[in-house]
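Trainee: I would like to go through this model with you, and to ask at each step how a term is earned.

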2 protein chains.
Amino acid sequence: MLQAALATGEAHRRCVFEAFARRLPDGRRYGVIAGTGRVLEALEQFRFGDDELRFLSDNEVVDRATVDWLASYRFSGDVSGYAEGECYFPQSPVLVVESTFAEGVILETLVLSILNHDTAIASAASRMTAAAGGRPCIEMGSRRTHEESAVAAARAAYVAGFDATSNLEAGRRYGVPTTGTAAHAFTLLYDSEKEAFTAQVESLGKGTTLLVDTYDVRSAVALAMDIAGPELGAVRLDSGDLLIQATEVRAQLDAAGNKDTRIIVTSDLDEYAIAALAAGPVSGYGVGTALVTGSGAPTASMVYKLVQREDASGEMQGVAKKSKDKTSVGGRKWAMRRLDGNGVAQAEVIGIGERPRDDGDDRSLMVELVLGGEVVDHQDIHEARARHEASRAELPRAAAQLSRGEPVIPTIYEED
Amino acid sequence: MLQAALATGEAHRRCVFEAFARRLPDGRRYGVIAGTGRVLEALEQFRFGDDELRFLSDNEVVDRATVDWLASYRFSGDVSGYAEGECYFPQSPVLVVESTFAEGVILETLVLSILNHDTAIASAASRMTAAAGGRPCIEMGSRRTHEESAVAAARAAYVAGFDATSNLEAGRRYGVPTTGTAAHAFTLLYDSEKEAFTAQVESLGKGTTLLVDTYDVRSAVALAMDIAGPELGAVRLDSGDLLIQATEVRAQLDAAGNKDTRIIVTSDLDEYAIAALAAGPVSGYGVGTALVTGSGAPTASMVYKLVQREDASGEMQGVAKKSKDKTSVGGRKWAMRRLDGNGVAQAEVIGIGERPRDDGDDRSLMVELVLGGEVVDHQDIHEARARHEASRAELPRAAAQLSRGEPVIPTIYEED
């Protein structure tokens with residue numbers, strides 16, 4: 001594509017590309033944008049190095065002129081879009097790239113890979129933190145997904161309200177709070193559970209979390225209290241009927257005076273399991289597989305489409321594919337969230353070719369991210385986390401329903 | 001865990017860790033191991049650098065003694081396991097790590113992340129290539145998954161029989177054959193479809209693949225033949241009812257004498273859609289989202305368990321968690337595929353504590369991968385691809401059924 005368009009000159013036409021999702025994952029009420037900060041970081045570093053250029057050249061993937069063009073690639077256009085943590089809906093213009101065709105078209109895979117993955121994780125994570133009420137959720141899914149996806153997943157989960165991650169690299173790279181736990185292997189390593197618990201408490205202090213289901217839960221809880229006393233931080237349950245066990249363990253802890261010892265539950269939790277545990281004496285949830293795989297929706301299925309481009313006379317023209325089942329809407333988009341007098345979201349309003357009218361209470365959704373190739377807003381993850389909390393709180397209450405349904409607000413177009 | 005075990009000395013006990021899946025994804029008949037070569041490459045590079053050590057130290061994640069131990073970390077143990085591309089079943093000991101507790105326990109996340117991701121992709125990919133019969137499958141899903149998962153997914157798909165990928169980095173890094181295509185944006189960039197097709201054919205030759213569904217398929221196919229003539233390489237269909245359209249386009253191509261022009265179909269294909277197109281005049285399949293998300297099973301859900309360790313007297317002891325719903329089987333495992341006289345697989349036979357008896361026709365499944373910290377078999381992906389083809393061909397024919405069912409062969413234990 002790039003080679004052919006460079007050869008004819010059309011590669012230098014001014015273009016507008018737009019990333020959006022045609023629909024939310026089946027049955028979801030809202031989605032959560034994440035990865036914007038990672039897109040910007042990747043954009044700043046997006047270069048073709050010697051190894052890459054040699055591969056393209058040696059294998060005749062592209063011609064000499066294209067290799068030369070790639071060698072000096074620097075994005076010099078503008079990017080705007082939804083800020084990280086913002087809720088989104090079908091057709092929301094979550095990222096808009098304005099540049100030449102050549103500069104914008106080669107960003108497609110990068111932009112979509114990051115947004116599709118991180119948004120899928122954040123969208124699932126938000127349902128989990130909503131179901132957990134105020135109880136803390138801990139991301140523990142690194143082992144169930146690609147080693148680099150794991151780091152990004154921990155970051156996205158944090159944006160959507162998770163409190164911490166067991167992925168230390170996410171702590172180092174992005175400042176996500178980290179926490180750890182012991183595995184069954186630790187208990188099994190020792191000749192007895194008593195030796196294992198003693199070693200852990202001596203090394204990490206009485207505030208540590210002891211895993212109590214390697215052998216017999218009741219005996220292990222008694223042992224844990226013997227060793228750490230009333231200051232025992234927490235016990236973790238990782239198997240069996242968590243609601244029944246948590247209730248029994250709570251009673252056992254309370255009866256022995258360990259009122260402040262928390263109960264952390266793990267074991268294939270998803271948003272439904274978390275909701276089902278709401279009535280139980282659970283202090284926190286550790287979530288793994290379901291989180292890092294998007295709880296049934298492992299990709300946000302966003303697409304990146306050319307929606308406007310310069311024509312032969314230099315005029316900008318809206319363009320769109322005509323195929324029956326995958327229609328796109330041509331033209332540059334802007335978006336607003338229409339709010340009622342109480343600040344409750346009513347609709348996603350998308351303006352084509354111009355900003356939609358503000359009804360007075362509306363909130364503009366697009367922020368400037370890159371101007372003339374320079375990143376002007378790096379999207380801090382702590383701000384994104386606060387933004388998500390506010391954005392979710394603004395949605396109608398039906399957004400929190402876990403049952404399958406339609407998007408909680410409609411998407412409305414306003415044309416100029 | 002590591003800090004506490006280093007403090008008491010148990011961290012230096014000899015241990016055996018085993019990676020395995022308790023079950024296949026729901027309804028699947030077999031799974032396909034992939035990622036072994038990536039695990040070995042990562043193992044060779046597994047070091048804690050200054051940045052990582054400083055993070056652990058500054059944030060008091062672990063104590064000084066542990067930071068010092070990590071600073072000099074080099075894996076010095078042995079690893080054996082299923083060769084890449086091999087089919088696997090519930091409880092198959094796909095990777096066995098023998099080392100001290102400390103050296104082996106910190107590999108858990110790395111080993112599982114790679115195996116769980118790559119195996120999930122290869123397992124889905126194998127169903128697709130089986131459904132495609134001999135027709136080529138092309139991996140085109142990079143945009144729908146994390147940017148690094150995308151590279152690994154292209155590699156895993158190749159192992160499981162895909163012919164090529166659109167991910168150029170997978171070509172550069174692993175030698176996976178690459179291929180490209182034009183997007184709708186390319187056609188939309190030009191003032192007319194004719195100008196777009198002409199530019200592509202002039203730049204890439206008549207053997208290129210033209211995307212014919214941006215406006216009207218019938219007109220586009222006619223235009224493509226006008227421009228490239230009988231040497232037109234292929235046309236691509238990316239929307240609508242692919243079976244009907246492929247049939248119509250084939251007739252149109254044939255009537256005009258373009259007997260050798262191939263028809264490539266894309267658009268949310270999965271193994272079921274591929275199977276449904278078997279009767280159509282389709283030359284190849286481009287597969288995206290369903291492939292890179294494991295077609296409903298985005299993780300292989302493998303676990304990494306301590307199954308044997310030295311006791312206080314220096315004897316090796318089998319160990320296993322006792323929890324009701326997540327029982328593991330203690331002891332070092334070996335595995336064999338039991339074959340009948342015709343070379344058809346009958347069972348996955350797992351020996352605990354010793355190699356299972358060979359019935360004469362059986363095939364040993366474990367290969368040595370690392371000895372004394374040195375990788376002795378790097379798992380070439382082209383060999384892995386041939387191995388997968390042979391391993392799949394050896395399974396009972398019911399393995400190829402796409403309908404949900406039980407694993408196509410049972411897993412049997414032999415104890416010493």
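Trainee: What makes Asp51(A) and Arg172(B) a salt bridge?

Mentor: A salt bridge is a side-chain nitrogen of Lys or Arg within 4 Å of a carboxyl oxygen of Asp or Glu. The side chains of Asp51(A) and Arg172(B) meet at 3.9 Å, N to O, so this pair satisfies the rule. Across the interface of chain A and chain B the rule finds 16 salt bridges, while the structure holds 62 over all chains. Please keep in mind that this is a predicted model, in which local features need pLDDT of at least 70 and side-chain atom pairs count only at pLDDT 80 or more, whereas totals for chains, interfaces and linings use all residues. Residues are numbered from 1 along each chain as its sequence is written, chains are lettered from A and ligands numbered from 1 in the order in which they are written, and side-chain values use heavy atoms, with hydrogens and water left out.

Trainee: How many residue pairs are in polar contact across the interface of chain A and chain B?

Mentor: The rule finds 32 such pairs, both residues being at pLDDT 80 or more. A polar contact is a pair of N or O atoms within 3.5 Å; within protein, one must be able to donate a hydrogen and the other to accept it, and residues adjacent in sequence count only if both atoms are side-chain atoms. On the side of chain A that touches chain B, helix H6 (residues 108-131) of chain A gives the most, with 7 residues; helices (H or I, at least four residues) and strands (E, at least two) are DSSP runs, numbered from the N terminus.

Trainee: How large is the area buried between chain A and chain B?

Mentor: Buried area is the accessible area (1.4 Å probe) that two parts lose on being put together, summed over both. Between chain A and chain B this is about 6,300 Å², of which carbon and sulfur atoms give 60%. In chain A, Met1(A), Arg143(A) and Leu189(A) lose the most area to chain B, together 11% of what that side buries. The contact, meaning heavy atoms within 4.5 Å, takes 79 residues from chain A and 79 residues from chain B.

Trainee: Why is the relation between chain A and chain B that of a two-fold axis?

Mentor: A rotation of 180 degrees with 0.0 Å of shift along its axis superposes chain A on chain B, with an RMSD of 0.0 Å, and that is the relation of a two-fold axis. The superposition is by least squares on the C-alpha atoms of residues with pLDDT of at least 70 in both copies. In addition, 100% of the interface residues of chain A are also interface residues in chain B, so the copies meet through the same surface.

Trainee: Which domains make up chain A, and how far apart are their C-alpha centres?

Mentor: Chain A is divided into domain 1 (2-121 + 300-415) and domain 2 (129-296), with bounds that come from an automatic or database domain assignment. Their C-alpha centres lie 37 Å apart, and 20 residues of domain 1 of chain A are in contact with 26 residues of domain 2 of chain A. The two domains bury about 1,800 Å² between them. Ile121(A), Arg385(A) and Leu402(A) supply 37% of the area that domain 1 buries against domain 2, more than any other three residues.

Trainee: What parts does the salt bridge of Arg155(A) and Glu84(A) tie together?

Mentor: The side chains of Arg155(A) and Glu84(A) meet at 2.6 Å, N to O. Arg155(A) lies in helix H7 (residues 147-159) of chain A and Glu84(A) in the loop between strand E3 (78-82) and strand E4 (87-88) of chain A, so the pair ties together parts that are 71 residues apart in sequence.
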